[in-house]
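Q: I would like a close look at a single part of this chain, with the cut-offs behind each term spelled out.

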Amino acid sequence: MAAVEVAGRHVYYDDSGGDHPALVLLQGFMASRPIWKWQIEAFAPHYRVITMDNRDAGESDPEPVTYAVADMADDLAGLLDALKVERASVLGHSMGGYIALAFAERHPDRLDKLILVSTSALAGGVLGRPAPTYNRERWIDDPVERTFQRYGAMTGPGYFDTRREQLTAIAETARGNRMSFEAMTRQSDSAFMSHDARAALPQITAPTLVIHGTVDPTIPLSAGRRIADAISGARLAEFADVGHLPHLERTEEFNRIVLDFLGE
């Protein structure tokens, strides 16, 4: 467990270290940094891989008030400051993609390459939609069981029907995630109500790769296509018959595509 203080809060992180170029991996809603286990194994021989817990998730302390995606992007900048990393490539999945886009907008001089996975440039709150509501009685306190149930419903149809051992291993990465029901609703409100990167997309000059599953049940493929169309020179990799978790549903292919892109 490692942590640094950024703007009065502790940011918990892991750092593979070394002299390789830095690569930050940002996970999505409710997830904690160990979810990147299978990417760290593949990327660490080539890159200094840095993962961090988003606010209200993982080892993070509960936040006292609602925050914005921009605040989480600034948390990343503060972590890089503390680690004396001037520039990094950033890969963000789902809500982590929101943070990556905000980082690209707010700290463009610190961004090498950008990889956006199963994400969108816009969340519904910006369109005047109410924040999502959640049922406390359906909340699962055990983070392992909670992840088992959530991730089992986020893939392409039937993916985990014959891969229960993989789902169990993925769920185990959530052990130690301290997120509470209140923290989950706060993280949801913070991301859902504040994310709008549409105006920033044409200003992004970092080489960008967009990865999206064709049958994503959480964020539709059209969202990924819109991002790729709006960022000059961006590439789009569509994973056929893959849902919201291409880094887990097609791990070897995902890792290879990312490494190829970063190595160019």
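Where in the chain does Ser-60 lie, and between which strand and helix?

A: Ser-60 lies in the loop that runs between strand E4 (48-52) and helix H2 (69-82), where helices (H or I, at least four residues) and strands (E, at least two) are DSSP runs numbered from the N terminus. The model is a predicted one, in which local features need pLDDT of at least 70 and side-chain atom pairs count only at pLDDT 80 or more, while totals for chains, interfaces and linings use all residues. Residues are numbered from 1 along each chain as its sequence is written, and side-chain values use heavy atoms, with hydrogens and water left out.

Ser-60 counts as buried because its relative accessible area is 8%, the class being defined as under 20%, against over 50% for exposed and partly exposed in between, with a 1.4 Å probe and protein chains only. Two backbone oxygens are found by its side chain: that of Asn-54 lies 2.9 Å from a polar atom of the Ser-60 side chain, and that of Ala-57 likewise lies 2.9 Å from a polar atom of this side chain. Both are polar contacts, that is, pairs of N or O atoms within 3.5 Å; within protein, one must be able to donate a hydrogen and the other to accept it, and residues adjacent in sequence count only if both atoms are side-chain atoms. Leaving aside residues up to four places away in sequence, Ser-60 touches Tyr-12, Asp-53, Asn-54, Arg-55 and Arg-178, a contact being heavy atoms within 4.5 Å. Asn-54 therefore appears both among these contacts and as the partner whose backbone oxygen lies 2.9 Å from a polar atom of the Ser-60 side chain.

The setting of this loop is a chain whose secondary structure comes to nine helices and eight strands. Buried residues make up 55% of its 264 residues, and among contacts between residues at least 6 apart in sequence, 77% join residues at least 24 apart. The radius of gyration of the chain is 17 Å, which agrees with the value near 18 Å for a compact globule of 264 residues; this radius is taken over C-alpha atoms, and the globule rule is 2.2 Å times the number of residues to the power 0.38. Along the principal axes, the C-alpha atoms fill a box of roughly 45 × 45 × 40 Å.
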